[in-house]
Number of protein chains: 2
Amino acid sequence: MTSLAEENYLKTIYKLHEKNNAMVTTSALAESLQINAASVTDFIKKMAAKKLITYQKSRGVSLTEAGRQLAVNIIRKHRLWEVWLVNNLAFKWDEVHEIAEQLEHIVSNELIEHLDEHLGFPKTDPHGDLIPDAKGRFAKVSSKPLLDYKVGDNTKFVGVAEHSNSFLQYLTKNNIKLGDELLVEGIEEFDNSFQVKINRKERKLLSKDVVKNLFVITV
Amino acid sequence: MTSLAEENYLKTIYKLHEKNNAMVTTSALAESLQINAASVTDFIKKMAAKKLITYQKSRGVSLTEAGRQLAVNIIRKHRLWEVWLVNNLAFKWDEVHEIAEQLEHIVSNELIEHLDEHLGFPKTDPHGDLIPDAKGRFAKVSSKPLLDYKVGDNTKFVGVAEHSNSFLQYLTKNNIKLGDELLVEGIEEFDNSFQVKINRKERKLLSKDVVKNLFVITV
DNA sequence: ATATATATTTAGGCTCACCTAATATAATAT
DNA sequence: ATATTATATTAGGTGAGCCTAAATATATAT
């Protein structure tokens, strides 16, 4: 049995590791979970004793294979629920996070497999994040930030690197949606802002902070 | 904020009160919740301090209006989730309870109202139990146990009084479903077993223990 | 009315998941 | 290399929600 707290630690360790590809520090965990660092030290010792993570004193933690499986399963559940909330319950992509944070902890393999089927076995969630399969495997990613592209490249917007409400709402406000075609018409050398043609119609100027958070694939 | 434990106490007090129309005793609560009576005493004192219940020492508890609202809302959520599990996710009526017990604690009014709409504002759950509206109001019940009927009466099966897996599975095995027409063809005086014609086709003998748990309406 | 049985409460304790304050370790700057 | 700063750990403590054992209150039987 994994408690709610353990599940949140596992998920957070997974995400922090994914971001930095290094051991996850106590302070990073404390910051992410909004929990005092001393409490984190306490807790990760117990998790290490249960072999969910490996812990090197004062150095940080990383997931064991057992811990990774659990973490990925929580992410799988979170993303499937998000798909359901957006596709079936008419929620917007900036409204689902908090609810999915609760739903991801519901315990029932039958439920999650039924849900997966009900949704038509989606491969990505409403933000373009990959949904791992029941065995915890992810499809290969071929997307990169639009920032990595150059003038003349034509791309398709497939995901966001930043999940804050303000960024999601910025995109909604500017009518930029997953699946849109983004053609790079110009790049301003000074500030790395991109002149982009969207779906062969509208032209828009996107700041560096925006284009670095748009995951696209070449078309 | 109401904790998970509080929600379970509220729901259980509501159900026990509904069953006996009397103050709910410590021991009844302890038995239902599978918690030690001493712990229950502790907890109900705290709930009384929060005005969720009224508590008379050594006599029992009953819900305040605030407590009733919360309790009914949990029941509303539980039953809506059950409808979803059965109608949309292909679960059987004897498979949904445990999952709904978890889902009922998800906190989001928007979610539950969206869900209600998504389901087409159902009035009953898969067991025929009434679903209260968002204000905590129930429709009037006109159903009674089949046991109260007499020979010649024609009825429609609309709900179960008993929710155990064994009873639900008995009905499934015997192909008796909500909505079926049950015509009373005979009653054995000795043991109160009913000879019933189902949907004008099959004849079946139902024991007293069965017919007292079948809620029907006159047709 | 009294004895017995049952139900309830009190007292004291435990674990989980957090906290603060103090101390120790590691990283960085001089 | 040493001082300073940042990070991590230890020690001691808290509230929520449970526990057992002992004491008290209520209901039932004689």
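**Exercise 1. Which residues is B:Leu85 in contact with, leaving aside its neighbours within four places in sequence?**

Before we start: this is a predicted model, where local features need pLDDT of at least 70, side-chain atom pairs count only at pLDDT 80 or more, and totals for chains, interfaces and linings use all residues. Residues are numbered from 1 along each chain as its sequence is written, while chains are lettered from A and ligands numbered from 1 in the order in which they are written.

Step 1. Fix the cut-off: two residues are in contact if their C-beta atoms, placed from the backbone, lie within 7 Å.

Step 2. Skip the neighbours within four places in sequence, and B:Leu85 has B:Phe91, B:Val96, B:Ile99 and B:Ala100 as contacts.

Step 3. Put B:Leu85 in context: among the 62 residues of the largest nonpolar core, B:Leu85 is one of those with the most contacts inside it, a list that also includes A:Leu85 and B:Leu146. Such a core is a set of buried Ala, Val, Leu, Ile, Met, Phe, Trp, Tyr and Cys residues joined through C-beta atoms within 7 Å.

**Exercise 2. Work out how exposed B:Glu181 is, and what surrounds it.**

Step 1. Place B:Glu181: it sits in strand β5 (residues 181-187) of chain B, where strands are DSSP E runs of at least two residues and helices H or I runs of at least four, numbered from the N terminus.

Step 2. Count: B:Glu181 has 16 other C-beta atoms within 10 Å, so it is partly exposed. The scale calls 20 or more buried, 12 or fewer exposed, and anything in between partly exposed, with C-beta atoms placed from the backbone.

Step 3. Leave out neighbours within four places in sequence, and the contacts of B:Glu181 are B:Asn154, B:Lys156, B:Asn199, B:Arg200 and B:Val219.

**Exercise 3. Describe how chain B meets chain A, and how the two copies are related.**

Step 1. Each side of the contact is counted: 14 residues come from chain B and 14 residues from chain A.

Step 2. On the chain B side, α5 (97-103) and α6 (109-118) each give two or more residues, with α6(B) giving the most, four residues.

Step 3. Superpose by least squares on the C-alpha atoms of residues with pLDDT of at least 70 in both copies. Chain B lands on chain A with an RMSD of 0.1 Å after a turn of 180° and a shift of 0.0 Å along the axis. The copies are therefore related as by a two-fold rotation axis.

Step 4. In chain B, B:Leu103 has the C-alpha nearest the axis, 3.8 Å from it.
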